[in-house]
Amino acid sequence: MEQKKGSQLEQLKLHYGDVVEVNIESTGFEGKSVARVEGFVVFVEGAVEGDVVKAKILKTKKKYAEAKVVEVLKPSPKRIEPRCSYFGTCGGCKWQHVDYKAQLQFKQQHVVDAIERIGGMKDVPILPIVASDDIYFYRNKLEFSFSEKAWQVAPPPSPPQLGRGERGGADFALGFHVPQRWDKVLDVHECFLQSELSNGILNAVREFALANTIPAYSQETESGYFRNLVIREGKNTGDVMVNVVTFEDKPEIMAKLTAELTKKFPEITTVINNVNQRKSQVAVGDFEKVYHGEGIIHDKIGDKLFQISANSFFQTNTKQTEKLYSLAKEFAGLKPTDVVYDLYCGTGSIALYISDAAKQVIGIELVESSIINARMNAELNRVTNCEFIAGDLKEMLTKDVAWKERFSHPDVIIVDPPRSGMHPKAVEELGNLKVPAIVYVSCNPATLARDLQMLLTYGYAVEKVQPVDMFPHTYHIECVAKVVLK
Ligand SMILES: C[S@@+](CC[C@H](N)C(=O)[O-])C[C@H]1O[C@@H](n2cnc3c(N)ncnc32)[C@H](O)[C@@H]1O
């Protein structure tokens, strides 16, 4: 069969750089659209189901090819004009050219396909996706990069949504890395994901750097000053953090920048400088200095307050997180006598959110600093019935099990693993625990389907799956699934 496909590709003579005219048939994984050239599958970036496009072949494999739209010949009714002029180059919002209703349909179908095809479950109710109230300005955190190598943009081709090409080098940019070009940064003056205030701060920092001729850090020469600008907002508190990541510790520059920023934007509640003298391009410093305010901000989910420091994890869409957690709480169906495990608990936000409805919640998380944050947030909210333990979940369920003796057998387990899903041994242990209800919060329908299928073999049934859209204009989907012991 593979042989046949290989020869089919040869017969088709599809090569890198070829431009083919295709009808876009459907939406595939990771936001790419599916088309066929004489039956041979081509995954097309920048297209929408229903489009007729000219696409340039970028990669050929035995079983499929990858391509990018170069011209829209007949637009799909689901295609819209993207709001952002950087669309197609920036890579942050892959679906800004897709009508939001269609984005939701694609996400819903993606969950159905994953549950049916990967999980092999045909009769699981998949509830209609919960849309995001805000489709722009929904993020509470954006991380911009400085670079001495700007990705220069040519005037937009027609139609403008097809992206921009490189023209040649300037020596300062503040914005986002261009996909697959980690050495180059697109100079961004406006982004519709965080807030107008965040755009104002972004441009003020750029103007400050240029007016004072302070260079961006260069990884090549290991010199220069500015590395990253991270803006975090407490969407429910109004707090604003500006975190400037630099290569060197230069208090005179930071003091001047802080004075200018806080004068122009009195909304800023704290300004921090993370100093990173390593070559690695991470926005986490070797040390941190506070130039204004407390060095932290707060945000609220439900009635719980969370302290957020420059490097602590917090879900990036506050409003939708509240919906996600409220679904998790509803699906858990808690009684005041219930003991709950919150596995992969991060900074304890789910545990704290549900704590009022349960007798006790035990959170387990790999990252020690997150556990410290979780305990601090429990104290901040005067929550006394949550315990947080640091450790690798697989080990904590299979080998390092002494902690279990301190607590009663759980009545409900909530899991919220990373995109890779749960380790099979951890699923096995979950299966053996035989709790009446498991709530699985997932950011990857494929691994959700895989893990749910495994749980079925331990006598569980999947009662329902609820998709939630946390990230409009991206192909990412969250789900909450309720699993019960039969
Ligand atoms: C999707 S996040 C969930 C965080 C949290 N529930 C929330 O809503 O903010 C997944 C968490 O799993 C943690 N994690 C990853 N691998 C782990 C492991 N092997 N054992 C325990 N925790 C792990 C990560 O550090 C991360 O905090």
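H473 sits in the loop that joins β20 and β21. In this predicted model, H473 has a positive phi of about 75°, although it is not a glycine. H473 counts as buried because 25 other C-beta atoms lie within 10 Å, and the threshold for that class is 20 or more.

D469 is found in the loop between β20 (460-468) and β21 (478-485) as well. D469 is also buried, with 23 C-beta neighbours inside 10 Å. When neighbours within four places in sequence are left aside, the contacts of D469 are L104, K107, I129, V130, A131, S132 and I477. Y100 stands 369 residues from D469 in sequence, yet the two C-alpha atoms are 11 Å apart in space.

A second residue with a positive phi is Y344, at about 65°, and Y344 is not a glycine either. Y344 is placed in the loop between β15 (339-343) and α6. Because Y344 has 19 C-beta neighbours inside 10 Å, it counts as partly exposed; 20 or more would be needed for a buried residue.

Y344 also belongs to the surroundings of the ligand, where it is listed among the closest residues together with G346, L366, L393 and D416. In total, 18 residues surround the ligand. The elements that contribute two or more residues to this shell are α6 (349-354) and α8 (393-398). By residue class, the shell holds 10 nonpolar, four polar and four charged residues.

I414 is part of strand β18, which covers residues 412-415. I414 is buried, since 27 other C-beta atoms lie within 10 Å. Beyond residues up to four places away in sequence, I414 touches A328, A332, V340, D342, L343, I350, V439 and V441. N273 is 141 residues from I414 in sequence, and their C-alpha atoms are 37 Å apart in space.

The environments of the four residues are set out below.

| Residue | C-beta neighbours within 10 Å | Class |
|---|---|---|
| H473 | 25 | buried |
| D469 | 23 | buried |
| Y344 | 19 | partly exposed |
| I414 | 27 | buried |

Turning to the whole chain, the secondary structure consists of 10 helices and 21 strands. The chain is divided into domain 1 (2-74), domain 2 (108-134 + 317-485) and domain 3 (141-301). Between the centres of domain 1 and domain 2, taken over C-alpha atoms, there are 38 Å.

The overall dimensions can be described in two ways. Along the principal axes, the C-alpha atoms fill a box of roughly 65 × 65 × 35 Å. The radius of gyration of the chain is 24 Å, which agrees with the value near 23 Å for a compact globule of 486 residues. Of these 486 residues, 44% count as buried. Among contacts between residues at least 6 apart in sequence, 62% join residues at least 24 apart.

The confidence of the prediction varies along the chain. The average pLDDT is 91, and 94% of the residues score at least 70. Over residues 1-5 the pLDDT stays under 50, and the model has three contacts for this stretch beyond four places in sequence. Residues 155-169 also have a pLDDT below 50, and this stretch has 28 contacts in the model beyond near neighbours in sequence.

Conventions:
Residues numbered from 1 in each chain as written. Predicted model: local features only at pLDDT ≥ 70, side-chain atom pairs only at ≥ 80, totals over all residues. Domains from an automatic or database assignment. pLDDT = per-residue confidence, 0-100. Contact = placed C-beta atoms within 7 Å. Near = placed C-beta within 6 Å. Helix = DSSP H or I, 4+ residues; strand = E, 2+ residues; numbered from the N terminus. Nonpolar A, V, L, I, M, F, W, Y, C, P; charged D, E, K, R; others polar. Rg over C-alpha atoms; globule rule 2.2 N^0.38 Å. Buried ≥ 20, exposed ≤ 12 C-beta atoms within 10 Å, placed from the backbone.
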